[in-house]
Every structure is written in structure tokens, then in C-alpha cells.
Amino acid sequence: MTLLSPPEPVLTIARTLESAGFETWCVGGAVRDALLGEAHLDWDLATAATPKDVRQLFRRTVPVGIDFGTVGVLDPSGVMHEVTTFRKDVRTDGRHAEVEFGVSLDEDLARRDFTINAIAYSPSRDELRDPFGGRRDLEGKVVRAVGTPDERMREDRLRALRALRFAGRFGFAVDPATWKAIVDSVPYLGRLSMERVKQELEKTMDQVARPSAPLRLWRDSGAFAALIPALAAVADVTLAAVDRLPRPSLARRPQRRINRLTALFVGLGGDTAERALRSLRFSNADAGWIGVLAGRWAAVQVEMERALSDAGTIGDAQIRRWAATVGRTRLGPLLRVADAIWGARAESGEFPRAAWLRVGALYRRAIRIAYRDPIEVADLAVDGGDLLTAGVPSGPQVGRALHSLLQQVLADPALNTREQLLARARALVPERR
């Protein structure tokens with residue numbers, strides 16, 4: 001009976017290596033996920049072959065990390081599979097390791113982070129190698145460091161955050177000794193590059209169905225205080241809101257990740273949220289987008305909540321004002337995040353459930369109105385040149401007049417004709433004596 005079923009290209013790579021006399025095993029997340037019954041596309045291999053041997057055996061390779069023993073082997077479909085030489089760490093500063101080749105499989109597995117990731121599978125022998133009890137911990141739903149937890153954390157400080165993500169992703173508990181090592185590691189997390197912290201946060205948003213679990217561990221361990229101080233005391237209801245937004249299971253839906261990040265940061269206010277995201281090395285576009293949404297959420301939140309809590313009908317003019325404040329292209333994403341926030345607050349008793357149940361209808365109306373009605377100065381039937389012709393003095397008065405006309409059009413879109421707006425613009429110009 002075959003224990004696991006790696007894809008055929010992986011089996012071909014393993015057979016090629018072993019036919020050349022190099023012991024080869026499937027390792028890492030693919031083995032772990034296969035034992036959990038989950039699909040995993042990236043099957044990595046560990047082998048006794050050196051990087052030079054691998055590059056000689058395969059025609060199409062990529063030097064992914066030669067210094068660390070890793071070569072990417074491209075299969076006939078162009079998919080890359082990482083093949084890494086058995087290795088052990090001989091020196092590390094908590095961020096980068098210096099490795100030594102020529103070791104055994106068990107020594108290679110001993111350098112891995114957690115027992116559930118230190119299981120190897122030999123396709124040729126249909127054999128599992130599990131020297132650290134990874135299968136036991138999979139069955140017991142435990143994230144446990146290999147060997148001495150403090151040593152594993154010192155070797156790579158990112159492992160503390162990875163442990164929290166794995167616990168949340170699989171619904172596992174963190175082994176007490178490993179948890180203590182994580183907490184003890186928090187003062188040293190600042191040594192990590194912010195790019196690596198950003199990537200870990202993104203993986204949490206992408207891979208975990210309910211990110212509140214690992215994010216709560218970030219908070220309770222002190223990781224937020226060390227890495228993102230603005231989120232040090234993030235509320236449970238904020239984390240629950242993140243859970244209500246779908247994860248970007250498909251690469252073509254990056255907005256889903258942005259929505260989850262927005263829910264996490266939106267309560268900080270625009271400037272604070274943007275500064276925090278920039279410090280994490282998020283792109284200017286992503287940090288700016290979330291920062292603007294956070295600022296505009298602060299501008300409309302109270303009025304929206306009051307209107308939703310009122311049993312009366314929310315008027316189109318009010319929705320147009322909200323759309324004008326938030327922006328046509330930002331209104332949909334903001335309302336999705338707001339729906340998650342209100343849903344989480346309703347579940348916790350902090351927001352009327354009846355009010356939250358009105359959000360779906362409000363969303364549909366708001367999107368229709370935002371793309372149908374004039375809500376921006378650019379939508380007006382006149383521009384600055386028209387107002388100058390009508391006698392509005394040049395300079396700041398033109399901008400003030402356009403803003404005044406927009407407010408009138410938000411109340412009544414029927415006023416958005418050239419003739420009516422020019423007449424109203426003239427009325428704004430004080431008579432000269």
C-alpha cells in the first residue's frame with residue numbers, strides 16, 4: 001500500500017537521483033499536508049547529491065540557493081521543484097545560517113523547525129522517516145519544536161511567527177515548552193527584516209481560514225508589541241472581523257488579502273495605519289490604499305452606524321455624501337470591511353444585529369448610486385473654466401464654488417446641468433459696488 005502519492009514529476013526527479021546513487025527523500029510541508037489529507041502543490045526533495053551533482057543530472061535547473069544547497073529542477077511542464085542537499089547548520093545569527101553538507105538524513109531533519117515539518121518520505125521504499133515524532137504531533141494537533149525549543153528559536157527568529165501561523169492554520173495547540181521559547185524570543189524579533197515579517201503576515205492572511213487564532217497569539221506572545229506596536233492591544237472583535245472576510249485562495253484575487261489587512265489596521269486611523277504598513281515594507285500603493293480607507297472610515301463610521309441603527313429608510317442623498325467622502329472605487333471595499341466589522345461586533349453584542357442585517361441592502365444600493373450619480377467634482381456638468389467665464393474670480397474661490405455646487409448636486413442630482421450650475425455659480429459671486 002502506497003503511503004503517500006507525490007506527483008509523477010517529483011517521482012521522476014527522485015528516481016533520477018537515486019539511480020545515480022544519491023539517497024533522496026520527499027520532505028517538508030508537502031509530506032506534512034499529505035499526512036493531514038490536504039493538497040500541496042510544492043513537493044521538495046532532500047538528497048545526498050551536492051548542488052553540482054544535481055545540476056549535472058538535470059538539463060533545466062535554477063540556482064535557487066546554491067550556498068544553502070538548494071537547486072530548482074524544472075519538470076517538463078516548467079514547474080520548479082526544490083532539491084536540497086542534506087545539510088546541518090554550523091553557524092547562525094538568528095537570520096542567516098551557514099550550512100555544512102555531507103550529513104545524514106536524520107541530521108538534516110534535526111535542523112528543521114517543528115516536528116510536523118521534520119518527516120521525510122521515500123517514494124522508492126514507500127517509507128516514512130520520522131525521528132522526532134511528527135506523526136504523533138499531527139495526530140495530537142500540536143506544534144512542537146524539534147529538539148530544544150530555545151535553540152530552534154535562536155537559529156531563526158522567524159520560527160516564532162511560523163509556529164503561530166501553523167497553529168492557526170491547522171487548529172493546533174502550541175506545545176508549552178515551545179510557547180515559552182516563543183515568548184522568550186520576542187525581545188529578539190526586531191532582528192528580523194521587516195520584509196520577512198511582512199511575508200509572514202501575508203501568509204497568515206492567505207493560508208489561514210480564521211486568522212484571528214494566530215493573530216491573537218501574535219498579541220498574547222508580545223509579537224505585535226515588538227513588531228507592530230500600534231496593534232499591541234488589538235481587540236478580539238477586530239480579529240474576529242478579519243475572519244469574516246474570505247481568504248485569497250486564488251492568486252487572481254489579491255484584493256481579498258488587502259481587505260483582510262484593512263480590517264486589521266482600519267481602526268488605527270489613516271496616518272497610523274499607513275505608517276505601520278510602510279514600516280513593514282508594504283508597497284506604497286498598498287499602504288496608501290489602506291491608509292486612505294482607514295481615514296475615510298473614521299470620517300463616515302459614526303454616521304453610517306447611526307443610520308443603520310435607525311429603523312427608517314436611508315436616503316439616496318445620504319448615500320451620495322458617503323460615496324463622495326469615501327470615493328467611488330473605494331466604497332465597495334470599505335463596505336465589505338465595514339460589514340465584517342459590524343458582523344463581528346453584532347456577534348459580540350456591541351452592535352445591534354438588526355442594524356447589521358441591513359448592510360447587505362445598503363451595499364447594493366450604495367454601489368448602484370456611486371456609479372450612477374454624480375459624486376465627484378469631475379462629475380459636474382461644469383468645470384473651473386466655465387466658472388471663470390461665469391464671473392467667479394480666479395484662485396481659491398473657483399475651488400470653493402465647485403465644492404459648493406457638488407454639495408448641491410449630492411442633495412439633488414437633477415441640478416447637474418450646465419445651465420443650472422452656472423446660474424448657481426453666479427449667485428455665489430458677491431455683487432460689486
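Start by selecting P254, which is found in helix 13 (helices are DSSP runs of H or I with at least four residues, strands are runs of E with at least two, and both are numbered from the N terminus). P254 is exposed, with a relative accessible area of 52%. On that scale, buried means under 20% relative accessible area, exposed over 50%, and partly exposed in between, using a 1.4 Å probe and protein chains only. Now add D206 to the selection: P254 and D206 sit 48 residues apart in sequence, with 9.3 Å between their C-alpha atoms.

A word on what you have open: this is a predicted model, where local features need pLDDT of at least 70, side-chain atom pairs count only at pLDDT 80 or more, and totals for chains, interfaces and linings use all residues. Residues are numbered from 1 along each chain as its sequence is written, and side-chain values use heavy atoms, leaving out hydrogens and water.

Next, pick helix 9 (residues 194-207) and helix 10 (residues 212-221), which pack at an angle of about 145 degrees with their axes 9 Å apart. Axes here are lines fitted to C-alpha atoms, for helices over the stretch in contact, and angles run from 0 to 180 degrees between N-to-C directions. Show the side chains of V197, E200, L201, T204 and M205 in helix 9, then P214, L215 and W218 in helix 10; these make the contact (heavy atoms within 4.5 Å). They divide into 6 nonpolar, 1 polar and 1 charged. For these classes, Ala, Val, Leu, Ile, Met, Phe, Trp, Tyr, Cys and Pro count as nonpolar, Asp, Glu, Lys and Arg as charged, and the others, Gly among them, as polar.

Now jump to W25 in strand 1 (residues 24-27). W25 is buried, at a relative accessible area of 0%. Leaving out residues up to four places away in sequence, W25 touches a list of residues including D44, F86, L105, Y121 and R125. P123 is 98 residues from W25 in sequence, yet their C-alpha atoms are 7.3 Å apart.

While you're there, click on D126, in the loop between strand 8 (120-122) and strand 9 (127-129). D126 has a positive phi of about 50 degrees although it is not a glycine, and at 24% relative accessibility it counts as partly exposed. For another positive phi, go to R281, in the loop between helix 14 and helix 15. Phi of R281 is near 70 degrees, and this residue is not a glycine either; R281 is partly exposed, at 45%.

From R281, move on to helix 15 (residues 284-309). Its 26 residues should span 38 Å at 1.5 Å a residue (taken over one less than the number of residues), and its end C-alpha atoms are 36 Å apart, which agrees. Look for a kink of about 45 degrees centred on V300; the bend is the angle between axes fitted to the seven residues ending there and the seven starting there. Buried residues in helix 15 include A287, I290, L293, W297, V300 and M304. Among the elements covering the buried residues are helix 13 (254-265), helix 16 (316-326) and helix 17 (328-347).

Last stop: helix 16 with helix 21 (residues 396-411), packed at about 140 degrees with axes 8 Å apart. The two are therefore oblique to each other (not under 35 degrees, roughly parallel; over 145, roughly antiparallel; or 65 to 115, roughly perpendicular). Select A317, R320, R321 and A324 in helix 16, which meet V409, L410 and A411 in helix 21. By class, that contact has 5 nonpolar, no polar and 2 charged residues.
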